[in-house]
Amino acid sequence: MVHYKLSYFANRGAGEIPRQILAVAEQQFEDERITKEEWPDRKNSTPFGKLPVLTVDGKQLAQSHAICRYLAKQFGLHGSSAWEEAQVNSISDQFKDYGSEARPYFAVLRGFIEAQHVCDLLDNDESIFDNLPEFKEHQQKVHSNANLKKWIETRPKTKF
């Protein structure tokens, strides 16, 4: 049996999408949450000195989007054709661009810089997507997945 370990800080941030993919795929995984105090001693043991890191049977994979693409492909969540896979990658790349552009706003809002997700936006303002019905419908559809819904309800409670 393959052993998956996702190492990330003790919040959702860039580690949450890989966690959600593992939850949707009903895969057992070790959810290693590293504290800010532990991080300086651990940094040099990670590829590129960054988190998240996915460890698969002792091999490390870095970069959140690479991790997501790997997991999606492993569990058949990457699309059923080359075109669908390209669409999934397109959404992933758009999310990366969004994160880069939104980072300064959230840095001011929260007093520091962290990656944000739709859940975090909705936690701050439930009406944020009222003028974006297609986006709101898509978000509700994604969050209605039973495995994802269970993960969101049972994951460790964090501020972001």
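## Tyr-8, Phe-9 and their ring neighbours

In this predicted model, Tyr-8 and Phe-9 are both buried. Their rings form an edge-to-face aromatic pair, with 5.3 Å from centre to centre and 65° between the planes. Ring pairs also bring in Trp-39, so that Tyr-8, Phe-9 and Trp-39 are linked into a cluster.

The ring of Phe-9 has a further contact, in that the charged end of Lys-36 sits over this ring, 5.1 Å from its centre.

## The pair of Phe-29 and Trp-151

The structure holds 5 aromatic pairs, and one of them is formed by Phe-29 and Trp-151, whose rings are tilted at 50° between the planes and lie 5.8 Å apart, centre to centre. This pair links distant parts of the chain, since Phe-29 belongs to the loop between α1 and β2 (30-34) while Trp-151 belongs to helix α7, 122 residues apart.

Phe-29 has a relative accessible area of 19% and counts as buried because the cut-off is under 20%; Trp-151, with a relative accessible area of 12%, is buried as well.

## The second largest pocket

Phe-29 and Trp-151 also appear in the lining of the second largest pocket, together with Leu-22, Ala-23, Glu-26, Gln-27, Gln-28, Asn-147, Lys-150 and Thr-154. The elements that give two or more residues to this lining are α1 (16-24) and α7 (146-154), and the largest share, 4 residues, comes from α7.

The volume of the second largest pocket is about 250 Å³, and the residues of its lining divide into 4 nonpolar, 4 polar and 2 charged.

Technical notes: Residues numbered from 1 in each chain as written. Predicted model: local features only at pLDDT ≥ 70, side-chain atom pairs only at ≥ 80, totals over all residues. Heavy atoms only, no water. 1 Å grid on protein atoms, 1.4 Å probe; cavity = no way out; pocket = protein on both sides within 12 Å on 5 of 7 lines; lining within 4 Å. Points joined across faces, edges and corners; volume = space filled by probe spheres on them. Nonpolar A, V, L, I, M, F, W, Y, C, P; charged D, E, K, R; others polar. Phe/Tyr/Trp six-rings, centres within 6.5 Å; stacked < 30°, edge-to-face > 60°. Buried < 20%, exposed > 50% of the residue type's maximum accessible area, 1.4 Å probe, protein only. Lys NZ or Arg CZ within 6 Å of the ring centre and 35° of its normal.
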